[in-house]
Every structure is written in C-alpha cells, then in structure tokens.
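Reader: I would like a close look at a single part of this model, please. Take one helix, then show me how the rest of the chain fits around that picture.

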Amino acid sequence: MVTDNPYRDLPAVDVLAELVESQLPRALTIDIARSALDQARRDIADGVEPDPERLARETIRAVERAAGVPVINATGVLLHTNLGRAPWSDAAVRRATRAASGYSNLEIDIDTGDRSRRGTYVESLLTLLTGAEAAFVVNNNAAAVLIALAAVARDRAVPVARGELIEIGGSYRLPDVMDVSGARLVEVGTTNRTRVGDYETAVQTHQCGALLKVHPSNYRVEGFTEETSAADLAKLAAANDIPLIYDIGSGLLDSEAPWLPRWLAGEPGARQAVEDGAGLITFSGDKLLGGPQAGLIVGSLELVSRLRQSPLARALRVDGVTYAGLAATLEAYLDGAPTTIPFWRFALVEASSLRGRCSQLADRVGGTVVDGASTVGAGSAPGVEIPTPQIRLRERQDLYEELLRQERPVLTRRDAGDLVVDLRAVEPNDDEAVATAVERCL
Ligand SMILES: *Cc1c(COP(=O)(O)O)cnc(C)c1O
C-alpha cells in the first residue's frame with residue numbers, strides 16, 4: 001500500500017528485519033533495522049529518497065564481516081599481525097577443539113584427584129626442546145617481559161643497550177613496559193654500539209636487579225655497530241649475582257636446526273640462549289614458533305619459580321585451549337621438520353613450485369610472473385627477503401579493495417602502481433579461490 005505520506009510507507013522494524021537476510025542474532029538484526037529506519041526518516045525530512053532495506057542489508061553484511069571471516073593472505077607477509085599472525089596446524093586445531101568442547105584435567109591430577117598446576121605438559125615439552133631447567137607460559141611475549149622484570153627486578157635498576165630500546169607495532173614500547181613492571185631502566189651505550197664495559201659501569205653504579213638483552217626483531221642497525229653477546233652478558237650477570245633476561249622475541253627454538261632456511265641465519269634461538277647462560281628467555285608463541293598467541297618463558301628453575309609466585313602470574317595466565325594448541329605445535333618440533341605447522345610449510349616451500357602456481361594463475365588472470373620477495377612479518381627477521389616468484393598485475397582502480405570485498409576476502413599488496421599477488425602464504429588448495437576472485441574483479 002503506497003500512501004502520500006512517505007513515513008507511512010516505511011516498513012515496521014520487524015518486517016524489515018525479516019526482509020533482510022542475516023546470520024546475526026535476531027536482537028542485533030532488529031537493532032540494525034531500527035537504525036536504518038531512523039536514517040530513512042531523516043532522509044525523508046531532508047527530501048532524500050529513503051532506502052532502509054538497502055542500508056540494513058549493507059550494515060548487516062559489514063557487521064557479519066567485522067565479526068570475523070577467513071581471509072586469504074596473498075600479501076607475502078607470512079606472519080601478518082593484522083591477519084592474526086601464525087595460522088594453527090591441523091593438529092593444534094584438533095587438540096584445542098577437544099580442550100574447548102568439554103571439561104578437561106586442566107588443573108587436576110586424574111590419578112589421585114588432587115589439585116595440580118596447569119600447563120605442566122607444555123612446560124615439559126619446552127624444557128626438552130630448549131634444554132632449559134624450567135618453563136612458564138603467559139598470554140603473550142609483552143606479558144612475558146613484564147612478569148620477568150616485575151618478579152626479578154622490581155624497584156631495581158636494569159641496564160638496557162640504547163640500540164635495543166624497541167617499539168613493536170601496536171603500542172609495545174619497552175621503556176613503558178619496564179615502567180609498569182617497577183624495574184628502573186638504565187640506558188647504556190649508544191644507539192649503534194654497546195660494549196660489555198658499558199653494562200659493567202651500570203652494574204657498579206646502580207642497584208641492579210637484572211641485565212636485559214632484547215633482540216631488535218623489527219629493525220636492523222647496520223654499519224659501525226657493536227653488540228654485546230648474550231654469553232658475555234650472562235658472565236657479567238653471574239659475576240654480579242643477578243640474572244640475564246633475554247627477550248629473543250621471534251621464538252626460534254633452536255637456531256641450529258638443520259631444516260632452517262638460510263635466510264633466517266642470525267636469528268637467535270632459545271636453546272642457544274640457554275647455553276649462553278641467560279637466566280630467563282622470553283619469546284612469542286605466534287611468531288616463528290607458528291602456534292597460538294602466547295608468551296613463552298624458559299630458564300632456571302629458581303627464576304621460573306619466582307615468576308610462578310608473582311601475583312601477575314594469575315593475571316597473565318592462559319587457558320586450556322592455548323595450552324592444547326601449544327602442546328600440538330611443540331610436539332611437531334619433537335617429531336622432526338615441522339612442516340605440519342603452516343608457517344614452516346610456507347617458509348620452506350620451493351620457489352620452483354611457487355613459480356608453477358604463479359604461471360597457472362597468470363594463465364587465467366593475466367599479469368606477469370616476476371622474481372620478488374616475501375617477508376616474515378610480525379616484527380620478525382628484519383630486512384630478511386625470502387626469494388619468491390610473484391604475479392604483478394597493473395593496479396586497476398579499486399582492484400585491491402574489490403578483492404577484499406569478495407565472499408572470501410583476498411588480501412594482496414600494492415607496490416609502485418602494481419598489485420602484487422604472492423602465493424607463498426596461500427595454501428595450494430586456495431589457488432583456485434584466488435583465481436576466481438581475481439577473475440571476478442577484473
Ligand atoms: C614481538 C616482540 C615482542 C612482543 O611480543 P607479543 O607476543 O606480540 O606480545 C616483544 N619483544 C620482542 C623482541 C618482539 O619481537
């Protein structure tokens with residue numbers, strides 16, 4: 001029924017909510033329908049043709065997508081922080097699903113019925129893999145650094161090289177974390193050079209609680225540089241009866257693993273940091289480890305026990321799902337070359353196989369296959385370029401955005417007027433989806 005009163009032609013809220021297809025909870029759909037009708041009334045008042053149905057559909061689609069959809073990562077950035085860093089292995093997903101779908105013995109000894117501590121299995125895998133006496137898990141590496149400093153060096157000075165006062169994307173700044181931990185930052189050395197003597201002076205002039213070494217994982221200082229080794233710092237720390245805390249950041253378990261790609265040379269490993277004598281070593285679970293978001297800490301039993309007793313331990317603890325994902329991820333390393341972990345599968349895929357996949361894609365959508373480079377991402381392995389054949393397409397208006405608007409969004413990279421499609425972090429099964437998406441957008 002069309003009347004000459006445009007306000008009366010607007011549908012009722014629940015009629016509009018029925019009209020638009022929505023996967024969202026009904027209350028949210030109703031809420032969106034109501035807002036669309038409010039907008040329609042304002043449009044009528046402004047003399048604009050109202051279209052509440054279209055507006056409601058668009059809003060619902062935007063909210064559904066913002067709620068989380070799988071994205072195909074064709075950026076060539078393997079650990080893309082905006083895409084959730086490391087995808088989990090199938091084994092990790094299965095184990096986590098099992099942990100989430102019912103009760104489990106998270107904190108109970110099922111042989112005796114006594115209460116137990118969570119995470120002991122993952123801790124045993126970590127000590128086995130790194131050679132450390134003890135391990136502890138918190139919810140990310142920022143938390144790991146925080147609890148290590150708070151438990152070991154609260155109200156004490158902690159010397160850090162000026163070249164290692166890092167900021168990681170997303171508001172992690174080491175000086176701010178130190179501030180919150182209660183440890184007092186003492187800057188030593190210069191931006192490009194820090195010698196063991198600089199730390200020695202600091203230890204002599206301040207009441208130090210620890211030495212802190214940080215792997216500058218997202219930048220590189222080149223040229224006239226000097227860095228003090230973990231081994232030298234561990235010796236100095238031991239001579240002064242304080243520990244060395246070493247934030248290796250990226251989470252390589254063993255830098256001497258035979259299957260590691262050459263381009264990762266120089267990235268510190270947890271096992272090597274233990275051998276060098278660091279008392280506490282911290283790293284992320286979702287960077288090079290290729291597992292869930294977590295902060296992993298390995299070190300001496302005495303120091304790790306202090307972390308466990310810290311009031312922060314409870315505030316920063318992880319749940320059974322994270323432990324399950326970590327357990328499956330760490331087991332893959334114990335079983336040899338961990339190509340069941342997506343990150344390593346992508347990292348180790350041969351350029352020749354990528355070139356073949358690129359050619360097939362180029363046959364369908366055009367573009368040129370070029371020798372390009374992927375990167376590790378997530379502030380890991382700065383400056384490292386992984387040789388990777390890629391497709392370059394002349395960037396037509398909005399192609400980048402249109403690929404994101406697809407049912408399964410495809411994230412690509414823009415470079416110098418071209419659109420770069422990099423298949424290194426794309427599962428071969430998804431090549432077809434990439435091809436279809438590009439075809440549809442062209
Ligand atoms: C990534 C990183 C962090 C922060 O780790 P999150 O797991 O993202 O909290 C801290 N320090 C270093 C050296 C890093 O590389």
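Author: Start with helix α6, residues 120-130. This is a predicted model. The buried residues of α6 are Val122, Glu123, Leu125, Leu126, Thr127, Leu129 and Thr130. Note that Glu123 and two threonines, Thr127 and Thr130, are on that list.

What covers these buried residues? The cover includes strands β3 (134-138), β10 (280-284) and β11 (295-299). It also includes helices α11, α12 (301-309) and α14. Just after α6 comes Gly131. Its phi is positive, near 80 degrees.

Now follow one of those covering helices. Helix α14 spans residues 320-334 and holds Tyr333. Tyr333 counts as buried because its relative accessibility is 12%, and the cut-off for buried is under 20%.

Tyr333 has an aromatic partner, Trp259. Their ring centres are 6.2 Å apart, and their planes meet at 45 degrees. The pair is therefore tilted, since that word covers angles that are neither under 30 degrees nor over 60. Where does Trp259 sit? It lies in the loop between β9 (244-249) and α11 (270-275). Tyr333 is 74 residues away in sequence, so the pair ties together separate parts of the chain.

Trp259 also pairs with Trp344. This pair is edge-to-face. The centres are 4.9 Å apart, with 80 degrees between the planes. Trp344 belongs to helix α15, residues 342-348. It is 85 residues from Trp259, so this pair too links distant parts of the chain. Trp344 has a relative accessibility of 1%, so it counts as buried.

Step back to the set of rings. The chain has 3 aromatic pairs. Ring pairs link Trp259, Tyr333, Phe343 and Trp344 into a cluster.

Go back to β10 and β11, two strands that cover α6. Some residues in those strands also touch Asn141, which sits in helix α7 (residues 141-153). The contacts of Asn141 include Thr282, Phe283, Ser284 and Gly295. Asp247, Gly249 and Ala294 are also among them. Is Asn141 buried or exposed? Asn141 is buried, because its relative accessibility is 8%.

Look past the end of α7. Asp155 is in the loop between α7 and β4 (157-161). Its phi is near 65 degrees, a positive value in a residue other than glycine. Asp155 is exposed, because its relative accessibility is 62%.

Ala416 has a positive phi too, about 50 degrees, and is not a glycine. It sits in the loop between β15 (413-415) and β16 (418-421). Its relative accessible area is 74%, so Ala416 is exposed.

One more ring is worth a look. Arg414 lies over the face of Tyr400, at 3.9 Å from the ring centre.

Last, the whole chain. It has 18 helices and 16 strands. Buried residues make up 48% of its 442 residues. Consider contacts with a separation of 6 or more: residues 24 or more positions apart account for 72% of them. The C-alpha atoms fill a box of roughly 90 × 55 × 50 Å along the principal axes. The chain exposes about 21,500 Å², and carbon and sulfur atoms supply 48% of that area. There are 46 positive and 62 negative side chains. The centres of these two sets lie 1 Å apart.

How values were computed
Residues numbered from 1 in each chain as written. Predicted model: local features only at pLDDT ≥ 70, side-chain atom pairs only at ≥ 80, totals over all residues. Heavy atoms only, no water. Helix = DSSP H or I, 4+ residues; strand = E, 2+ residues; numbered from the N terminus. Buried < 20%, exposed > 50% of the residue type's maximum accessible area, 1.4 Å probe, protein only. Contact = heavy atoms within 4.5 Å. Areas by Shrake-Rupley, 256 points an atom, 1.4 Å probe, with all protein chains shown as cover. Lys, Arg positive; Asp, Glu negative; His and termini not counted. Charge placed at Lys NZ, Arg CZ, Asp CG, Glu CD. Phe/Tyr/Trp six-rings, centres within 6.5 Å; stacked < 30°, edge-to-face > 60°. Lys NZ or Arg CZ within 6 Å of the ring centre and 35° of its normal. Lists of a residue's contacts leave out its neighbours within four places in sequence.
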